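Let's take a walk through this model, starting in the middle and working out to the loops. Have the sequence and the 3D view open as you read.

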Amino acid sequence: MSADMNQQKLEEQLKNLPLGGLRYFDRLGSTNDEAADWIKTNAPDLALVVADEQTAGRGRGGRKWFSPAGSALAFSLVLRPDEHINQLLKYQNTARLNGLGALAVCRALQNQVGFPAQIKWPNDILVGGRKLSGVLAEAHWIGSELAAVVLGIGVNVSQASVPPDVWDTLNPYPFPATSVEAALGAAVERWALLSAILDELLIWRQQLSGPDFLHTWEANLAFRNQWVQVIPPGGGGIETGRILGLEDDGALQVETAAGEVISLHSGEIHPSDPPLGGFRLRPVDSPKK
Ligand code: BT5
């Protein structure tokens, strides 16, 4: 049982936000799964699921997300299609939605905590080159109609939420992690941070399909104009490239060493100096992807 939060207290904390509904859990498998179930029973727009602890938190491609009790934010917001989300359907990807989550966390950390937070495309938030938050946007369809988007966000608030070394053996390219409190060197009120992130989400949602959103997202990208390792989904064919910026659909525009400009629609990036292996080698006994 979490000592510091419950349904009633969280409703009070978030009472100024126009949420469609709120479900708080001390412990849950994954807030994204709970939100997906809620969608099936007509979750309204801006329905919010919050868990103090997740036992089966997920990242992309079935990777694991570490969110132990009393230390992190783990929440999922249901977004029903509006004019902006309908506009995004032409892109046939969730890049701008991941960008929405990432930009909201980034801005909340900049404004509320005073951090130089940055977005590691496509869905991570970094401070000082270390990951302290990840976003998982999932679209739910009924036939060919978009029913809703679930925007899941995890934030490491205290150091207890930082995963132990080689925690997710499914990930051959782990990134160094940190927490808000470790990076700040001071305690942070995690529920006030949740409120600040939701405020930013509501602001940027109103601009999701427009150019200002894209430009602000781009301006907050980590490693811009720097050479990085570009790791396509699945991990094969790693290239070195320089990050130029974002395309309209949220793809990352990269210049290769051969001078060719390519668009990355999924996958990830790692700084190339030190080289990839300098961050952390995949343990020899972990499964290869
Ligand atoms: C993400 O995936 O970063 C998206 C994480 C989204 C989590 C939220 S929590 C609320 C909602 N409910 C869910 O079930 N999920 C969402 P990806 O880019 O694939 O990164 C996953 C990788 O990050 C893992 O393979 C680990 O290497 C690393 N990782 C796991 N937990 C971490 C943590 N707490 N802090 C930093 N890195 C972590």
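Two strands count as paired here if DSSP finds at least two bridges between them. Keep in mind, too, that what you're looking at is a predicted model.

With that in hand, start at strand S3, residues 72–79. It has a partner in strand S2 (residues 47–54), joined to S3 by four bridges, and the two run antiparallel. If you want a spot to find that pairing on screen, look for Val49, which sits opposite Ser76 of S3. S3 also pairs with strand S7 (residues 145–156), again antiparallel, this time through eight bridges. Here a handy marker is Leu73, with Val155 of S7 standing opposite.

So is S3 buried or exposed? Eight of its eight residues are buried, so the strand is largely enclosed by the rest of the structure. Buried means under 20% relative accessible area. You can check both faces: Ala72, Ala74, Ser76 and Val78 are buried on one side, and Leu73, Phe75, Leu77 and Leu79 are buried on the other.

Now for the ligand. It is surrounded by 30 residues, and the closest are Ser30, Arg58, Lys131, Asn156 and Asp168. Helix H2 (31–40), S3, strand S6 (130–142) and S7 each put at least two residues into that shell. Sorted by class, the shell holds nine nonpolar, 14 polar and seven charged residues.

Which side chains make polar approaches to the ligand? Among them is Gln54, with a polar side-chain atom 2.9 Å from a ligand nitrogen. Asp124 has a side-chain N or O atom 3.4 Å from a ligand oxygen, and for Lys131 the corresponding distance to a ligand oxygen is 2.9 Å. On its own the ligand would expose 790 Å², and the protein buries 97% of that.

Finally, a few backbone oddities. Most residues other than glycine have a negative phi, and most peptide bonds are trans. Against that background, the loop between H2 and S2 is worth a look: Asn42 lies there, and so does Leu46. Neither is a glycine, yet Asn42 has a positive phi of about 70° and Leu46 has one of about 65°. Their surroundings can be read from the accessible areas: Asn42 is exposed, with a relative value of 65%, while Leu46 is buried at 9%.

The other oddity is at Pro122, in the loop between strand S4 (118–120) and strand S5 (124–127). The peptide bond leading from Trp121 into Pro122 is cis, with omega near 5°.

Definitions and conventions:
Residues are numbered from 1 along each chain as its sequence is written. This is a predicted model: local features need pLDDT of at least 70, side-chain atom pairs count only at pLDDT 80 or more; totals for chains, interfaces and linings use all residues. Side-chain values use heavy atoms; hydrogens and water are left out. Buried means under 20% relative accessible area, exposed over 50%, partly exposed in between (1.4 Å probe, protein chains only). A residue is near a molecule or strand if one of its heavy atoms lies within 4 Å of it. A polar contact is a pair of N or O atoms within 3.5 Å; within protein, one must be able to donate a hydrogen and the other to accept it, and residues adjacent in sequence count only if both atoms are side-chain atoms. Accessible areas come from the Shrake-Rupley method with a 1.4 Å probe; for residues, only the protein chains shown count as cover. Ala, Val, Leu, Ile, Met, Phe, Trp, Tyr, Cys and Pro count as nonpolar, Asp, Glu, Lys and Arg as charged, and the others, Gly among them, as polar.
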